[in-house]
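Hi everyone, thanks for making time this morning. I'd like to walk you through one model, going from the middle of its sheet out to the ligand and a few individual side chains. Here it is on the screen.

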Amino acid sequence: MSCSLRPVGRAHRARLEQLTRDTGLFREEEVGTAVELLDESLAGDEEYRFVGAFDGDRLMGYACWGPTPGTVSTSDLYWIVVDRARQGAGVGSQLLKEVECLLRAHGRRLVVVETSSRADYEPTRKFYEARGYTRAARVPGYYAPGDDLVIYTKDLTRGDLARTAP
Ligand SMILES: CC(C)(COP(=O)(O)OP(=O)(O)OC[C@H]1O[C@@H](n2cnc3c(N)ncnc32)[C@H](O)[C@@H]1OP(=O)(O)O)[C@@H](O)C(=O)NCCC(=O)NCCS
């Protein structure tokens, strides 16, 4: 069942923190960063945009993105998270599609996503790859010894031939 998409408000701050922590993938420091970015966005900082996926009033997932400083129309997808119990049901695809639509509508050219080489991120890497993201670079040992940075990009100026929502 698809969720409705709308901005994430202050009332959903605690739930966003819980969702992020409950993925089991992020360090506590990273969970804190997600909440900080929401706070900055709610305070009017246009460098960080959030969209939430809601089931009624319950936040089931969110994405956060913004312009990449020092680039011509490149944007970073900073976060995309779906409630563990709802993963694999199309909510992440819905969020990603919405972000890409908004970026295209604002003339953004390239999306960059940073993720990890760890085995527990394999489903995440598959998610991006099946949605038209290309592995552009890998930085060995970036996050920790044996935990590389994997950078994906997607060219938004090309037709979207990749599968989107299931
Ligand atoms: C990655 C994530 C946002 C995808 O959202 P989702 O709602 O689970 O994804 P969808 O249902 O739209 O798409 C499912 C596809 O994503 C992949 N996938 C990633 N994580 C998955 C999971 N836990 N369960 C099932 N599929 C998953 C599969 O390749 C699946 O492929 P399929 O469509 O061929 O079955 C979500 O699983 C998540 O929050 N993961 C943990 C946090 C994370 O890794 N965020 C990205 C940080 S860089």
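Let's begin with strand 5, residues 110-116. Five of its seven residues are buried, so the strand is largely enclosed by the rest of the structure. By buried I mean under 20% relative accessible area, with exposed being over 50% and partly exposed in between, using a 1.4 Å probe and protein chains only. Helices and strands here are DSSP runs, numbered from the N terminus: H or I of at least four residues for a helix, E of at least two for a strand.

A quick word on where this comes from: it is a predicted model, in which local features need pLDDT of at least 70 and side-chain atom pairs count only at pLDDT 80 or more, while totals for chains, interfaces and linings use all residues. Residues are numbered from 1 along each chain as its sequence is written, and side-chain values use heavy atoms, with hydrogens and water left out.

Now, what sits on either side of strand 5? Strand 4, residues 74-82, runs parallel to strand 5, and four bridges join them. Strands count as paired if DSSP finds at least two bridges between them. Within that pairing, Leu77 has Val113 of strand 5 as its bridge partner. To get from strand 4 to strand 5, the chain passes through helix 3, residues 91-105, and this β-α-β crossover is right-handed. That label applies if, with the strands pointing away from the viewer, the path from the first strand over the helix to the second runs clockwise.

Strand 5 also pairs with strand 7, residues 147-155, this time in the antiparallel sense and over seven bridges. Thr115 has Val150 in strand 7 as its bridge partner. Strand 7 is mostly covered too, with eight of its nine residues buried. Strand 7 pairs in turn with strand 6, residues 134-144, antiparallel and over six bridges, and Ala137 stands opposite Ile151 there. The hairpin of strand 6 and strand 7 has two residues between the strands, and Gly146 takes a positive phi near 80 degrees in it.

Next, the core. Which residues touch the most other members of the largest nonpolar core? Of its 22 residues, they are Leu77, Ile80, Leu95 and Tyr128. Such a core is a set of buried Ala, Val, Leu, Ile, Met, Phe, Trp, Tyr and Cys residues joined through side-chain atoms within 4.5 Å. Helix 3 gives the largest share, five residues.

Now the part you have probably been waiting for, the ligand. There are 22 residues around the ligand, and Gln87, Gly90, Gly92, Ser93 and Thr124 come nearest; to be included, a residue needs a heavy atom within 4 Å. On the polar side, a ligand nitrogen is 2.6 Å from an N or O atom in the side chain of Gln87. A ligand oxygen is 2.5 Å from an N or O atom in the side chain of Ser93, and an oxygen of the ligand is 2.6 Å from such an atom in the side chain of Thr124. On its own the ligand has 860 Å² of accessible area, and the protein covers 78% of that; the areas come from the Shrake-Rupley method with a 1.4 Å probe, and for residues only the protein chains shown count as cover.

Let me finish with some loop residues. Arg86 is in the loop between strand 4 and helix 3, and at 17% relative accessibility it counts as buried. The Arg86 side chain makes a polar contact with the side chain of Asp55 at 3.1 Å. A polar contact is a pair of N or O atoms within 3.5 Å; within protein, one must be able to donate a hydrogen and the other to accept it, and residues adjacent in sequence count only if both atoms are side-chain atoms.

Moving along, Ser117 lies in the loop between strand 5 and helix 4. Ser117 is buried, at 14% relative accessibility, and its side chain reaches the backbone nitrogen of Asp148 at 2.9 Å. Asp120 lies in the loop between strand 5 and helix 4, but Asp120 is partly exposed, at 40%. The side chain of Asp120 makes a polar contact with that of Arg118, at 3.0 Å.

Thanks for listening!
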